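Here are my notes on this model, set out as numbered points. Please have the structure open beside them as you read.

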Amino acid sequence: MEMKAPRGVRDILPDESWKWSYVINIAAKAMADYGFSEVHLPIFEHTELFSRGVGETTDIVEKEMYTFEDKGGRSITLRPEATAGMVRAALENNLCAQGSDAKLWCFGPMFRHERPQKGRYRQFYQVDCEHLGCAGAANDVEIIDLAAEIFRRLGLKNLEAVINSVGCPKCRPVYREALIKYFNNYKDKLCETCLDRLDRNPLRILDCKKPDCGAVADGAPDIYNSLCDECREHFEEVKRGLERLGIAYKINKRLVRGLDYYTKTAFEILSGDLGAQNAVCGGGRYDNLSDSIGGPHLPSVGFACGVDRIILVMEQQGLSFGERPKAKVYVAALDNSARGEAQILTHKLRSAGIAAQCDTENKSFKSQLKAAGNAKFACILGPDEIKNKVVTLKDMADGSQVSISDNELIDYIKDKLK
Ligand code: HAM
């Protein structure tokens, strides 16, 4: 039987992978410019991190996690997102000791057992960026600005930033009660999942994508009427800050996000070119995530961009991914006697930092030259060249040839490639 990859996962092959490097490098540069440092974190964590951190009544924890028991009988989960792990790592490594903050980012695969469709995979990739240990609204503005800056640098068009406030543990209970009261009048219209969540976490109903639930949710009480003074002022400050920076946004009172850890600011950046799975970035403030996993109080804000979706949109919009890396030089051996020398020269070029290839499969000179068609230059080596310590350098663009001595070759090529 021919083996196939499991449903919902994909191979990112050479035709695509260079585009991924481009996107990640642009994002990495932007995040460095804003003072964030890269970290590499584990792909699996104790299941409890997510059940306590992300929330028991979220789709992610209830239905979508890849959870298994390891050989030591511990419950392990492939990370469905990076924020909880980031906070865990910061606490464990004391990165926010004595009230200091930490600005961290990571890139890597996340795992959710969702129904696969365009832009939605079971293994997908995020650039995740977190500012841990910061309470003021100016930090929320900066994090939204950074997310927007990444998209500006990538050239994405047709985006919309959507923001909301989801309140805090002080004011949310009031809103919760208002929601329960309201939704109780529409029990016959809600789906089973929403009914199940009505008492446990009615905020989740606002997030339901089913049309009937959505229609009911549209008429739900407005969270702004329940926000405490602190949350209201925070939200106003975020809006003022975005306006100061000229970042356009819309307010969506139903934006509650699919994770329970958010407090105050929640936001998403949506693409008009993606269909149903239109969020290219999601984030917000999560002041109590650290407390919920047993750590000290650590107000924080962050976001994650979906790299799979960014690439989809960029391809759709015909945006540039820079130049696909390719060999600059192809070393061709005129006959068998020159093959050894050709490999030595290729090695020397590579050691000098020049991307070079040569044939290692005893191909004819003709097919070597054909392969050289992809490079900028061909270095041709035959018995005469070897005897005279020269190389015939052929410019593949115009076919012109020059003979260059061995010891000048590298400088000559470097100069030409500038
Ligand atoms: P999220 O909204 O669940 O947030 O995911 C962030 C982004 O990851 C989405 O906007 C989307 O672009 C991408 N994404 C999510 N699920 C999939 C999927 N199945 N297939 C392809 N792409 C997907 C979080 O994960 C939070 N941890 C973000 C955050 C960071 N909040 C604060 N800090």
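1. Let us start with a loop residue: Gln98 is exposed, at a relative accessible area of 82%. On this scale, buried means under 20% relative accessible area, exposed over 50%, and partly exposed in between, with a 1.4 Å probe and protein chains only. Gln98 sits in the loop between α4 (83–92) and β5 (102–111). Its phi is positive, about 50°, although Gln98 is not a glycine.

2. A word on the source before going further. This is a predicted model, in which local features need pLDDT of at least 70, side-chain atom pairs count only at pLDDT 80 or more, and totals for chains, interfaces and linings use all residues. Residues are numbered from 1 along each chain as its sequence is written, and side-chain values use heavy atoms, with hydrogens and water left out.

3. Asn158 also deserves a look on the backbone plot: its phi is positive, about 60°, although Asn158 is not a glycine. You will find Asn158 in the loop between α5 (137–154) and β7 (159–165). With 46% relative accessibility, Asn158 counts as partly exposed. Helices (H or I, at least four residues) and strands (E, at least two) are DSSP runs, numbered from the N terminus.

4. Now to the ligand, which is surrounded by 27 residues; Glu81, Thr83, Glu114, Glu130 and Tyr262 are the closest. A residue is near the ligand if one of its heavy atoms lies within 4 Å of it. By class, this shell holds 11 nonpolar, eight polar and eight charged residues. Here Ala, Val, Leu, Ile, Met, Phe, Trp, Tyr, Cys and Pro count as nonpolar, Asp, Glu, Lys and Arg as charged, and the others, Gly among them, as polar.

5. Which strands supply at least two residues each of the shell around the ligand? They include β6 (123–132), β10 (279–285) and β11 (300–306). With six residues, β10 gives the most to this shell.

6. The polar contacts of the ligand (pairs of N or O atoms within 3.5 Å) are worth checking one by one. A ligand oxygen is 2.8 Å from a backbone N or O atom of Ala279. The side chain of Arg257 has an N or O atom 2.9 Å from an oxygen of the ligand, and a polar backbone atom of Cys281 is 3.5 Å from a ligand oxygen. On its own the ligand has 650 Å² of accessible area, and the protein covers 96% of that. These areas come from the Shrake-Rupley method with a 1.4 Å probe.

7. Strand β10 also contains Arg285. Arg285 counts as buried, because its relative accessibility is 0%. A polar atom of the Arg285 side chain lies 3.3 Å from the backbone oxygen of Gly136.

8. Helix α11 (residues 307–316) has eight of its 10 residues buried, so it is largely enclosed by the rest of the structure. The buried residues of α11 are Val307, Asp308, Arg309, Ile310, Ile311, Leu312, Val313 and Met314. After α11 comes Gly318, with a positive phi near 65°.

Note on methods
Polar contact = N/O pair within 3.5 Å; in protein donor to acceptor, adjacent residues only side chain to side chain.
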